Amino acid sequence: MTTLELAGLAAAAVILVLLVFEKFRNLSLSARLAAAENELKMLKSSPETAELRVERYELLWFPAVVFSSTQKTLEKVSAGLPHCRQCVIALKLDGQEWVCPQCRARRPESVADVMITDSVEKEATKQFLERHREYRVKNSG
Ligand SMILES: [Zn+2]
């Protein structure tokens, strides 16, 4: 082998290494890009929560609505706890009564029974769908 041939071989080897390296770099870059895109998709599809305000029998409720902005679905509604209307704080259950920790106002347990929480959740659903007309309730029927 002549010196020239050796130099040519060395140059070819260097070019080959560079090509492989470039290919590898592109691969890892696109892998990272794909990972980032997946993460973004996950973030976008993860459910979000909105808090609404409903009044029922002199009490305040702040029902939470869980929704998906990618699927445009309302996933879940929960009434939460009844709140004192004057103090706007959550009531605490004390035996058979709801008590406001601040003004000590007492309400019978029945102000937050299943019928009431049901109607609070229905009202929250209605409010949400009125404000977000492109949404639908998931698995309704
Ligand atoms: Zn109060």
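**Exercise 1.** Over how many bridges do strand β8 and β9 pair, and in which sense?

*Solution.* The structure is a predicted model, in which local features need pLDDT of at least 70, side-chain atom pairs count only at pLDDT 80 or more, and totals for chains, interfaces and linings use all residues. Residues are numbered from 1 along each chain as its sequence is written.

Step 1. Strands (E, at least two residues) and helices (H or I, at least four) are DSSP runs, numbered from the N terminus. Two strands pair if DSSP finds at least two bridges between them.

Step 2. β8 covers residues 97-99, and its pairing with β9 is antiparallel, over three bridges. Tryptophan 98 stands opposite arginine 107 in β9.

Step 3. Both strands belong to an open sheet of three strands in the order β7-β8-β9. Its edge strands, pairing on one side only, are β7 (92-94) and β9 (106-108).

**Exercise 2.** Describe the pairing partners of β4 and the directions of its side chains.

*Solution.* Step 1. β1 (residues 48-51) pairs with β4 in the antiparallel sense over four bridges. Here threonine 49 has valine 66 as its bridge partner.

Step 2. β5 also pairs with β4 in the antiparallel sense, over five bridges. Phenylalanine 67 has leucine 74 of β5 as its bridge partner. The hairpin of β4 and β5 has four residues between the strands, and lysine 72 takes a positive phi near 55° there.

Step 3. In a regular strand the side chains alternate between the two faces of the sheet. In β4, Val65 and Phe67 point to one face and are buried; Ala64, Val66 and Ser68 point to the other and are not buried. A residue counts as buried if 20 or more other C-beta atoms lie within 10 Å of its own, as exposed if 12 or fewer do, and as partly exposed in between, with C-beta atoms placed from the backbone.

**Exercise 3.** Find the buried side of α2 and what packs against it.

*Solution.* Step 1. Helix α2 (residues 114-131) has 18 residues. From its first C-alpha to its last it reaches 26 Å, close to the 26 Å expected at 1.5 Å a residue (1.5 Å times one less than the number of residues).

Step 2. Val120, Glu121 and Ala124 of α2 are buried. They lie on the same side of α2 because they cover an arc of only 95° around the axis, taken from the directions from the helix axis to the C-beta atoms. Met115, Asp118, Lys126 and Glu130 are exposed on the other side.

Step 3. The buried residues of α2 pack against β2 (54-56), β3 (59-61), β4 (64-68) and β5 (73-78); contact means C-beta atoms, placed from the backbone, within 7 Å.

Key. Contact = placed C-beta atoms within 7 Å.
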